[in-house]
Number of protein chains: 2
Amino acid sequence: MPDYKAPLRDMRFVLDDLLDAENHYAALQGRTEFDNETRDAIINEAAKLAENVLSPINQSGDAEGCKFVDGNVTTPTGFADAFKAYAEGGWAGMVATEEVGGQNLPASAGILVNELLGSANWAWNMYTGLTFGAVKCINEHGNDSQREVYVSKMVEGIWTGTMCITEAHCGSDVGQARTKAEPQEDGSYKISGAKHFVTGGDHDMAENIVHLTLARIVGAPEGTAGISLFIVPKFMPDSEGNPGERNPVFAGSIEKKMGIKGSSTCVMNFDGATGFIVGGENTGLQQMFTMMNEARLGTGLQGLCMAQLAYQGSLAYAKDRLAMRSLTGVKNPDGPADPIIVHPDVRRMLLTQKAFTEGFRAFLYELSFDGDKINNGATEEIQKAAGDRMALLTPIAKAFCTELGFESSNLGLQIFGGHGYVHEWGMEQIVRDCRISMVYEGTTGIQALDLIGRKVLGSGGELLRNYTKEIYKFCKANEADEALKEQVEQLLALNTQWGELTMEIGGKAENLDEIGAASVDFLMFGGYVAMAYTWLRMSKVAQEKLAEGTTEEAFYSAKVKTADFYFKRLLPRAQAHAQSALGGADCLMDMDEDQFAF
Amino acid sequence: MPDYKAPLRDMRFVLDDLLDAENHYAALQGRTEFDNETRDAIINEAAKLAENVLSPINQSGDAEGCKFVDGNVTTPTGFADAFKAYAEGGWAGMVATEEVGGQNLPASAGILVNELLGSANWAWNMYTGLTFGAVKCINEHGNDSQREVYVSKMVEGIWTGTMCITEAHCGSDVGQARTKAEPQEDGSYKISGAKHFVTGGDHDMAENIVHLTLARIVGAPEGTAGISLFIVPKFMPDSEGNPGERNPVFAGSIEKKMGIKGSSTCVMNFDGATGFIVGGENTGLQQMFTMMNEARLGTGLQGLCMAQLAYQGSLAYAKDRLAMRSLTGVKNPDGPADPIIVHPDVRRMLLTQKAFTEGFRAFLYELSFDGDKINNGATEEIQKAAGDRMALLTPIAKAFCTELGFESSNLGLQIFGGHGYVHEWGMEQIVRDCRISMVYEGTTGIQALDLIGRKVLGSGGELLRNYTKEIYKFCKANEADEALKEQVEQLLALNTQWGELTMEIGGKAENLDEIGAASVDFLMFGGYVAMAYTWLRMSKVAQEKLAEGTTEEAFYSAKVKTADFYFKRLLPRAQAHAQSALGGADCLMDMDEDQFAF
């Protein structure tokens, strides 16, 4: 496993050079005052936790995995201690409001920490991610007493949270859920049923676990309209708020998974467990949905984390490993062969990883700034614009970054050759850990339907038009710039094409299968365009720095070169997706079910 | 793990409808007479072994893995018994010559059996694949006594063979090998050194193991010109030819791998082990190379096998799993939701798997017919043409089929959603097992250099011209056909583009980095064109059958529809690769090594 090094320089480039974070922070309302200095102090501390505590237990955590013994889950060696260090560092309360004991920092600050901890050890970091979700959900939809009892403990980092959504027979199709809630005289409910794929459903790192659980109140309507949300604690809080009586919600087993083995994935059996409703009856799904943008952004972040970690490993290896001579002459005359970084195709793989890693980082950080503005922007107009932008781009962030994070992880393995395939070097673990990212929090297919259906066509095209206008304005403002001109023209053409593609697909929407048929390619096309827009702005900023004169010429010129690589070698894929998206539904739907036979 | 079902119908379609196997077999010289009837009897028997013996121990073999205890490797439960059944069935001698006890059937018949056994259990099948390689190598380059002692036992299926090539510090770059051979007075050699990644280096399935080992005779030239090939038996054959004294070649450890866990991958330590030279001194690499086309074709086959197995699993699941309603109205009114095969994007994934699986099958079988003709074609002209065709297409078969076999395996997991990520269903195992295929027997990058460097430019373009002429002739012969016209035009344009792309890249060959920079995209482009040519011929044949009238209308019309899907939804990727290939070397090589830093 590569020793993870926090990419602090690049983080600051994105935050300060590209996104002007200082002004962004200053403009937010209703958050603790925040500035670059505080932020840098935070990421420096988080980097230490990531590098010194979490990275060293990443590979061992995979080898050891979670264990299920006598109905209890134990996490790998070191996980519980790391969680203690995390709680003591106050990380669990960073973005929570002050009234529940949090520091009330901007949500985007949480993403930075999340990247650092998640790159170092994604499996471990999942426990904290789910807990953040539970905090946010109860905070927004729960009552004061629930906030006081449950949220404050999670913010302290001594309890954790889960989401109990999926059942064996239904994943994305939550409306099929059968878990039952029976009202009790005291206002609580008895919850019965079984939930699958519950991340952190049981473990040995916290005193108590707060299960946010979707269930159907007896007599409620069928489908999604009859789903309510409940708090089901592992231990009932006593009058002091400490863990008391055991509530009958038990882990029945843990899944044996391809990867993220240090993260416990449980079947949770609710045997008439006591639950407390959050918000109103039958509104559970909407309440879960309020967390969805952040959860999906957080999963998109996994694509960045895995791509980054794989890149760190393969870059070091490519400089070190000697094989063959460069085709253009010996580069390492004192050695038996040249380091493989001299070979063009190895560089193609490294630059692909680099372009996606740094492109994702910029794209996701910018999106997290939108996230800040949704609640804390200075005006309603800013809030709405940010909300619209985030709504449009979240499915792209989730699906595009994970699909290509997986490609980047695989390139990391590939650069190692046969050594990449064995556990020892840790490269294959990154591939295994990354693979789930295209599945959970809504598969790539689900994201694609969300994008084209709900976001683009559902808004009558408005959300997309806002974004393509933003790109258009940028292009127009820079089309006279000789150094950017060629790439601006490419981006402008693609931007126009995005609108045309939407019109063409939307024009066939009378047959809704046309939407589904085009959806994934449409999303991927959009992802490549958004990434081009992101890279071009980074290139522009870097060129400005170079023109001003800088002591970091190598760093900034690398940005310009990587942008060039992206436009020449990766962006052409956008056309393949556009063409494929226009392939239409007939070639999918005309096939009778029996004809799929082999 | 999906219960593997041998795709006998589709195999016969490719062999008989597309490739006219009966006439192909009849025209071969110097092989045991062979016809479709015999072949069908063989594949029916092999299907039973695959379905009933090997498939049931595929998932358990992964879970159990190979074990290394006290210096010996044990294979998973059932592996040794399966090998006994395989030996007793006479499978080990199918394609070997009669003088060593084989049946001397065409090599292409071996590929059919290989597909069946390999799809059912790739990890198990690797032991046989390496043994075939050892048989072929000693048969061609060894002396009579070596054939008698070693080959006959492997052909009987009671000994197995390995290739000991890689060392820890050198994989593809074999010239760096340090393993040493000291000549002895009796004409034998003492071999000392360590070889890594030796498949089947030790196991408990056979009486003896024949290690074909590359080593450098003391005083031989450096680099590849000083490498010789040796037979190093685990047990020295006694005067009766039975395993006698233990030769000091020992497994030092087994690798813990991402997948193919039932296949033992050993570090082999040669502690002055006795070896016998095969062929002349310092010609070891050429001798290994004679096996390479077949070994690479065999690895390309893994792409087919994994894609097929994943498709079988995900197709069954897609028909069974109920989630959401079809966007165009309820399709399963009696159930709580529709089966997911109604959703266009699920069909896109299934059809991608189907198009690649069946396309690979046709492409690889045709290539195996070329392989038959190289040695057994009726005239020298036929032999040469087949050899040229195979030389050109083998790197495509290896790299393209494994890259997209991996994509297809991943789509299989994806269709299962969260269930695909857990061991239980076996879908993630297919992804893990498949992942090595892009690495061993020469990575995708190595194949790509072989294609563009040695095969295309190295032949002054001749090998490629022969193939594009073949495609051109087909297109011209069918351009008037209304039903095929549109796709013929597409193929014709791509075929022309292939030549132009080659000229353009070749024109920059003064800087050899340009070749490396374009290589992988050039290979992938060629793969998509070759696949289009293959699918278009399948569509034509199927349309003829439909026109003639057939009782299997569903089967044949599925071929036409899948071809249509391929042209509309997958072939557009060719343009992305062409564009990227033209992106040039500068955007790769201009980056200083330090600038890759993050």
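1. Start with where the two chains meet. In this predicted model, chain A puts 84 residues into the contact and chain B puts in 84 residues. On the side of chain A that touches chain B, several helices each supply at least two residues, among them α10 (292-320), α11 (344-376), α17 (513-548) and α18 (553-570). The largest share there comes from α18(A), with eight residues. Sort the residues of that side by type and you get 39 nonpolar, 23 polar and 22 charged.

2. Now follow α17(A), one of the helices on that side of chain A. How far apart are its end C-alpha atoms? They are 53 Å apart. You can check that against what you'd expect: at 1.5 Å a residue, the 36 residues of α17(A) should span 52 Å, so the two values agree.

3. That doesn't make α17(A) free of bends, though. Look for a kink of about 50°, centred on A:Ser519. Just after the helix you'll meet A:Gly549, which has a positive phi, near 95°.

4. Is α17(A) largely enclosed or largely open? Count the buried residues: 30 of its 36 are buried, so the helix is largely enclosed by the rest of the structure. Here a residue counts as buried because 20 or more other C-beta atoms lie within 10 Å of its own.

5. Next, a small piece of sheet in chain A. Strand β8 (residues 235-237) and strand β9 (residues 243-246) run antiparallel, joined by two bridges. To see one pairing for yourself, find A:Pro237: its bridge partner in β9(A) is A:Pro243. Together β8(A) and β9(A) make a hairpin, with five residues between them. In the turn sits A:Gly241, with a positive phi of about 85°.

6. Glycines aren't the whole story on positive phi. A:Asp70 is not a glycine, yet its phi is positive, near 50°. You'll find A:Asp70 in the loop between β1 (67-69) and β2 (72-74) of chain A. Is A:Asp70 buried or exposed? It has 4 other C-beta atoms within 10 Å, and 12 or fewer means exposed, so A:Asp70 is exposed.

7. Chain B has a case to look at too. B:Asn104 isn't a glycine, but its phi is positive, at about 60°. B:Asn104 lies in the loop between α5 (79-88) and α6 (107-120) of chain B. With 18 C-beta neighbours inside 10 Å, B:Asn104 falls between the exposed and buried cut-offs of 12 and 20, so it counts as partly exposed.

Terms used. Residues numbered from 1 in each chain as written. Chains lettered and ligands numbered in written order. Predicted model: local features only at pLDDT ≥ 70, side-chain atom pairs only at ≥ 80, totals over all residues. Pairing = 2+ DSSP bridges. Helix = DSSP H or I, 4+ residues; strand = E, 2+ residues; numbered from the N terminus. Contact = placed C-beta atoms within 7 Å. Nonpolar A, V, L, I, M, F, W, Y, C, P; charged D, E, K, R; others polar. Expected span 1.5 Å × (residues − 1). Bend = angle between axes of the 7 residues up to and from the residue.
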